[in-house]
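Colleague: I keep tripping over the labels people put on a model. Can we go through a few of them, and you tell me how each one is earned?

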Amino acid sequence: MTHRPQPVAQPFWTPGVLVMLALMIAAGVTLVVRYTYGLSAVTNLNNHYPWGIWIGLDVASGVALAAGGFTTAFLAHILGRHYYEAVTRPALLTAALGYTFVALAVFFDIGRSWAIWKVVIYQNHTSALFEVAMCVMTYVTVLWIEFIPVLAEKLGHKIRLLAFLDRILDKTMWVFIILGVVLSCMHQSSLGTLMVIAPTKTSPLWATPLQPLLFLTSAFAVGYPMVVVETTIATSSLKLESEMNVLTPLSRITILLLGVYLFLKVGDLIWRGAYATLLDGSAQSGSFLVEVGLGVILPWVMLLFPAVRRSRRLLFTAALLIVSGVMLNRFNVFVVSFKAPYATSPYYPAIGEILVTAGSVAAIFFLYRLFVTWFPVLSAQRQEVSR
Amino acid sequence: MPITRRSFLAALGIAGATAAAPKNAEAWQSKAPPDPYGCLVDLTRCVGCRKCEQACKEVNDLPEPAIKFDDLTILDVKRRPDQNAFTVINRYYSGRIDDRDKLVPTFVKVQCMHCQDPACASACITGALSKKENGAVHYDVDKCIGCRYCMAACPFEIPAYEYDRPVLPRVRKCTFCFERISKEGGKPGCASICPVEAITFGKRSELLGQARERIKGDPGKYNDHIYGEREVGGTSWMYISNVDFGKVGFQALPTRPMPQTTETIQSGLFSYLWSPLALFGVLGAVMGYTSRKHDKEDGHDA
Ligand code: SF4
Ligand code: SF4
Ligand code: SF4
């Protein structure tokens, strides 16, 4: 039953691809302005709100949503459930692209982009951000190393170096696979530690020392739903067979993982007594209710029903809710929750910030499509063939 | 996924060595210097002349302000220190009235508090901010990458940023006149100019003693609270007042040092990298086990 991964035989240039290209160009122009006139020219960041959506969405959500990479690698390669190998390559590609753009988002956001290497030299070990930065840097490298066999399969006969690396990796790949999982666990949790240093500047709904554990468990929980979302979008837009035979069992595991996260999240809220602010009608409480209600509880209940897990459409809906819930959670922790005690007006992302974020997402889609068209990533059969 | 038996055993070895001796976090230790300098600001003395703002500008080479220092109408706006002004004076009316029934203003000088255990320094990714022995929280521009985590972390919302500089933006905040106070007999620009001695510079321990004496000497006037003595674990800049601090722009902050929780988490999880190494070992063991089982099922041993 295992389909061999193969390049997708679809025309590359479609109207959708052109839209992506337009978004990427807009983002590129914004970045030219950013590097000519400074961050204030394209962002609404100020002394009260030093971090905006480039950190809250591009970095924090980006890292969370790339969790499909290490969770599927764990299942297929470490637990040896080779049945799931059909989804490891696309998940790996998503993670590699996702993290590359996380690194780029950091690069654009920091004031001294050219000095980014200094993190390696001047290490401050008390800083959670240092830990995140080192892990992400290493993990991007590890992900692309893990991707070498895919590249070699296609180009190995042309580029000798690739074939050579591929042969070395044959024996050592297990190191990188385990390393990938370890690095993921480290920085997924440290990302949650970041705002713990500012308990007085964040809403009690999210200000908990348990945040690293919540970030880690939610990363576990969002991994397979992300695979569902990404596979469904890819197979339907490329007109491939849906891979429900793999996705349905994956969603069974998600019930457990999401359940653990929900339990910790609600338990923490009750333990700290923070639920008191839950119904005060503030934007924060509203955003929290949406995050947990629509993003965790609803999809969790949905997944309990076998009919949902077997239906392509319903499973996609549940998975999309989980993915959006975790995205909203990261956005909430870094943006909505943040209370600047002396700010006179709240932060809203500027057009420039939105353009760069949209352009980055478009670039990920664009490159994903480029890769699956050229390289053997997807295992699903073309429907025309299986007709 | 092929895995050789030797590498598998090596992985197990690492796991055994590290998992057996997880160096758990010792109780968190404050890294505050024992005998730093400090400044005591007496809000009952400050007359809002803005001389300290001007002196600060001069000693730190800051640009001329848009509104001249002798224009006191600016006091009606609640300002914050920014990239062009490391300190500002704000005027508050707390509701106190004098014997002629007129509202009495309270002037509040705002600058970096030079926390004893600064959140900014703990958070800074490269250690560009650090607490010095003499009490100053010092910024080293050569290490800074401009991530602005220090700004997100500071409970007093102090560090400012040069958002309009595309190439060499800096984090800006009161330096505690690091160079000046490092010299024998040197004082911060603001403290040395103050005409009414509202700012007293000295050893933090001595300033605390002075503050207590002033409060004890006139209990009817002063509130029994030295702001900065215990807030966020103590700060090098401290305030005494005759009005409620909450009414004149000060936040009620916990006495717990801000970095305590995160540093405990970080060192608990990552000291000597014990947890990642242990996890690596465990995963290696699982992977070795499953891949061998798989090979057997396939009918050939590894
Ligand atoms: S007041 Fe803020 S910037 Fe100043 S030392 Fe404390 S944490 Fe750092
Ligand atoms: S902006 Fe500079 S000083 Fe502030 S945390 Fe980042 S590297 Fe450190
Ligand atoms: S200590 Fe120096 S830098 Fe700080 S406010 Fe006073 S004059 Fe300005």
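Colleague: What makes Arg165(B) and Glu162(B) a salt bridge?

Modeller: Keep in mind that this is a predicted model. The N to O distance between these two side chains is 3.6 Å. The cut-off for a salt bridge is 4 Å, so Arg165(B) and Glu162(B) qualify.

Colleague: And are those two residues buried or exposed?

Modeller: They get separate labels. Glu162(B) has a relative accessible area of 7%, and buried means under 20%, so Glu162(B) is buried. Arg165(B) comes out at 33%, which lies between the 20% and 50% limits, so Arg165(B) is called partly exposed. The two also belong to a network of salt bridges, together with Arg170(B) and Arg172(B).

Colleague: How many salt bridges does the whole structure have?

Modeller: The search finds 16 over all chains. One of them joins Arg89(A) and Glu153(A), with the closest N and O atoms 2.8 Å apart. That pair links distant parts of the chain: Arg89(A) sits in helix α4 and Glu153(A) in helix α6, 64 residues apart.

Colleague: Why is Arg89(A) called buried?

Modeller: Its relative accessible area is 18%, and the limit is 20%, so Arg89(A) falls under it. Its partner Glu153(A) has 37%, so that one is partly exposed.

Colleague: What does the salt bridge between Arg212(B) and Glu229(B) tie together?

Modeller: The closest N and O atoms there are 2.7 Å apart. Arg212(B) is in helix α7 of chain B and Glu229(B) in the loop between α7 and β9, so the pair ties together parts 17 residues apart in sequence. Arg212(B), at 41%, is partly exposed, and so is Glu229(B), at 24%.

Colleague: Which label does Tyr227(B) get, buried or exposed?

Modeller: Tyr227(B) is found in that loop between α7 and β9 of chain B too. With 2% relative accessibility, set against the 20% limit, Tyr227(B) counts as buried.

Colleague: Now the cysteines. How many disulfides are there?

Modeller: The search gives 0 over all chains. Take Cys46(B): the closest cysteine sulfur, in Cys52(B), is 6.4 Å away. A disulfide needs the two sulfurs within 2.5 Å, so this pair is too far apart for a bond. Cys46(B) is also buried, at 17%.

Colleague: Which residues come nearest to ligand 1?

Modeller: Of the 13 residues around ligand 1, the nearest are Cys112(B), Met113(B), Cys115(B), Cys120(B) and Cys154(B). Cys154(B) has a relative accessible area of 8%, so it is buried. By class, the shell has 11 nonpolar, 1 polar and 1 charged residues.

Colleague: How many residues surround ligand 2?

Modeller: There are 14, and Cys124(B), Cys144(B), Cys147(B), Arg148(B) and Cys150(B) are the closest. That shell divides into 11 nonpolar, 2 polar and 1 charged. Around ligand 3 the split is 7 nonpolar, 4 polar and 1 charged, with Lys109(B), Cys174(B) and Trp237(B) among the residues there.

Colleague: Last one: what makes Val120(A) partly exposed?

Modeller: Val120(A) lies in helix α5 of chain A. Its relative accessibility is 40%, between 20% and 50%, so partly exposed is the right label. Val120(A) also helps form a nonpolar surface patch, whose members include Trp114(A), Met137(A) and Leu168(B). Together, the patch residues have about 670 Å² of accessible area.

Conventions: Residues numbered from 1 in each chain as written. Chains lettered and ligands numbered in written order. Predicted model: local features only at pLDDT ≥ 70, side-chain atom pairs only at ≥ 80, totals over all residues. Heavy atoms only, no water. Buried < 20%, exposed > 50% of the residue type's maximum accessible area, 1.4 Å probe, protein only. Near = heavy atom within 4 Å. Nonpolar A, V, L, I, M, F, W, Y, C, P; charged D, E, K, R; others polar. Patch = residues over 30% accessible without salt bridge, like charges linked within 9 Å, V, L, I, M, F, W, Y side chains within 5 Å. Areas by Shrake-Rupley, 256 points an atom, 1.4 Å probe, with all protein chains shown as cover. Helix = DSSP H or I, 4+ residues; strand = E, 2+ residues; numbered from the N terminus.
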